[in-house]
Amino acid sequence: MRNLPLPQDESSQLFKARDVYETCISNARAPLRTRLRRIRNTVENEAKDYDDKAKKQRLFRKPPHDRVRGVTKDELMKVYTDRMVKKKSPGRSIYERILLAPKHRICPFCGIGTANTLDHYLPKSEYPVYAVNPSNLVPCCEWCQGEKKEYYPRSKGKQLLHPYFDDVENELWLTAEVVEGVPASFRYFASPPDTWATFQKRRLDAHLKELNLNELFSINAGSRLSEIRSRLIKLHQKGGEIAVREHLSEELESMEADHLNSWTSAMYRAAIESDWFCEGGFRDT
Ligand SMILES: [Zn+2]
């Protein structure tokens with residue numbers, strides 16, 4: 001999981017939920033426009049409450065809802081699809097600004113895929129008042145969105161990591177272990193420091209489970225092992241397991257400097273820790 005700053009405009013000012021909403025509905029026609037405008041204070045107040053609860057890791061307390069005063073769920077969902085996502089719609093430039101924010105466009109939920117859509121952290125089908133709330137719109141890859149679907153947290157420990165509000169990048173928590181076999185594979189799990197609260201550990205587990213990241217990381221680790229196998233074989237022939245470990249350690253140093261909890265960092269840590277792997281377990285025959 002990668003942390004992202006809250007969405008900002010070209011002048012590095014945070015997008016305000018009310019402004020985004022008003023921009024999106026600006027081309028609506030009466031009488032719909034009148035009804036949409038009537039709830040702008042609610043949209044603004046709910047957005048403030050969203051930020052407040054997200055900072056305190058309490059978004060699970062927000063109850064799903066069907067309508068916002070006189071405006072239906074479908075109408076609010078259309079504010080997003082027709083007035084923000086659609087090309088040439090009034091909110092499109094905001095949509096693109098949020099979508100293009102991650103470095104190298106990498107999905108913040110998994111750290112692997114290319115972010116090519118926006119995910120509603122609290123799904124718009126359950127929380128239509130947040131359909132165009134910038135704090136609720138997170139760049140996301142196809143894998144993560146396909147796994148997450150309409151998921152929303154029903155308890156404190158079931159809240160997925162929120163890239164705008166949860167910063168878990170500085171302490172080591174993503175671990176992998178080598179699964180011995182031909183070829184070797186890698187299994188991933190969360191193992192944060194003991195000082196973390198139980199619900200925080202559960203949040204990491206929920207994040208990996210609900211987005212099926214163990215499988216995604218394992219697939220990528222298998223592919224990475226194929227790429228580096230011939231190098232490892234040569235190193236082993238020349239200098240045995242010491243040479244293999246030295247090489248992996250050098251690579252790991254660079255990876256950890258980039259992201260401590262990336263799937264690659266966890267993969268290389270696991271490989272280095274496994275005598276079986278460094279003594280030749282990396283071979284595929
Ligand atoms: Zn992803």
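Me: In this predicted model, a helix axis is a line fitted to C-alpha atoms over the stretch in contact, and angles run from 0 to 180 degrees between N-to-C directions. With that in hand, at what angle do the axes of helix 8 and helix 9 cross?

Reply: Start by finding the two helices: helix 8 covers residues 213–258, and helix 9 covers residues 263–273. Their axes come within 8 Å. The angle at which they cross is roughly 35°.

Me: Is the crossing of helix 8 and helix 9 left-handed or right-handed?

Reply: Handedness depends on how the near helix is turned from the far one: anticlockwise by less than a right angle is left-handed, clockwise is right-handed. For helix 8 and helix 9, the crossing is right-handed.

Me: How many nonpolar residues does the contact of helix 8 with helix 9 have?

Reply: On the helix 8 side, the contact includes F217, A221, L248, L252 and M255. On the helix 9 side, W263, M267, Y268 and I272 are among the residues that take part. By class, the contact also has four polar and five charged residues. The nonpolar residues in it number ten.

Me: Let's step back to the whole chain. What percentage of its residues is buried?

Reply: The chain has 285 residues, with ten helices and six strands. Its C-alpha atoms fill a box of roughly 75 × 40 × 30 Å along the principal axes. A residue counts as buried if 20 or more other C-beta atoms lie within 10 Å of its own. The buried share of the chain is 37%.

Me: How far apart are the C-alpha centres of domain 1 and domain 2?

Reply: The domain assignment gives residues 17–158 to domain 1 and residues 174–281 to domain 2. Between these two domains, the distance from one C-alpha centre to the other is 35 Å.

Me: Twelve residues of domain 1 are in contact with domain 2; how many residues on that side of domain 1 are charged?

Reply: The domain 2 side of this contact brings in 13 residues. Sorting the domain 1 side by class gives six nonpolar and two polar residues. The charged residues on that side of domain 1 number four.

Me: Now for helix 1. Why do its buried residues line one face of the helix?

Reply: The buried residues of helix 1 are A17, V20, Y21 and C24. Looking down the axis of helix 1, you can see why they line one face: they fall within an arc of 100°.

Me: Which helices are among those covering the buried residues of helix 1?

Reply: One useful partner to look at is helix 3, whose axis comes within 8 Å of the axis of helix 1 and crosses it at roughly 145°. That crossing is right-handed. The contact is made by A17, R18, Y21 and E22 of helix 1 and R40, V43, E44 and A47 of helix 3. The cover over the buried residues of helix 1 includes helix 3, helix 4 and helix 5.

Me: Which residues of helix 5 are buried, and what arc do they cover?

Reply: Look along residues 92–99, where I94, Y95 and I98 are buried. They sit on the same side of helix 5, because the arc they cover around the axis is only 105°.

Me: Which helices and strands do the buried residues of helix 5 pack against?

Reply: Two of the partners are helices, at residues 17–24 and 73–85, and the strands lie at 117–120 and 137–140. By name, the partners are helix 1, helix 4, strand 3 and strand 4.

Me: Is H104 buried or exposed?

Reply: H104 lies in the loop between helix 5 and strand 3. Its phi is near 55°, a positive value in a residue other than glycine. The cut-off for exposed is 12 or fewer neighbours. H104 has 6 C-beta neighbours inside 10 Å, so it counts as exposed.

Me: How many C-beta neighbours inside 10 Å does R105 have?

Reply: R105 is in the loop between helix 5 and strand 3, and its phi is near 60°. R105 counts as partly exposed because its C-beta neighbours inside 10 Å number 14.

Me: Where in the chain does P183 lie?

Reply: The peptide bond from V182 to P183 is cis, with omega near -5°. P183 has its place in the loop between strand 5 and strand 6.

How values were computed. Residues are numbered from 1 along each chain as its sequence is written. This is a predicted model: local features need pLDDT of at least 70, side-chain atom pairs count only at pLDDT 80 or more; totals for chains, interfaces and linings use all residues. Domain bounds come from an automatic or database domain assignment. Two residues are in contact if their C-beta atoms, placed from the backbone, lie within 7 Å. Ala, Val, Leu, Ile, Met, Phe, Trp, Tyr, Cys and Pro count as nonpolar, Asp, Glu, Lys and Arg as charged, and the others, Gly among them, as polar. Helices (H or I, at least four residues) and strands (E, at least two) are DSSP runs, numbered from the N terminus. The arc is that of the directions from the helix axis to the C-beta atoms.
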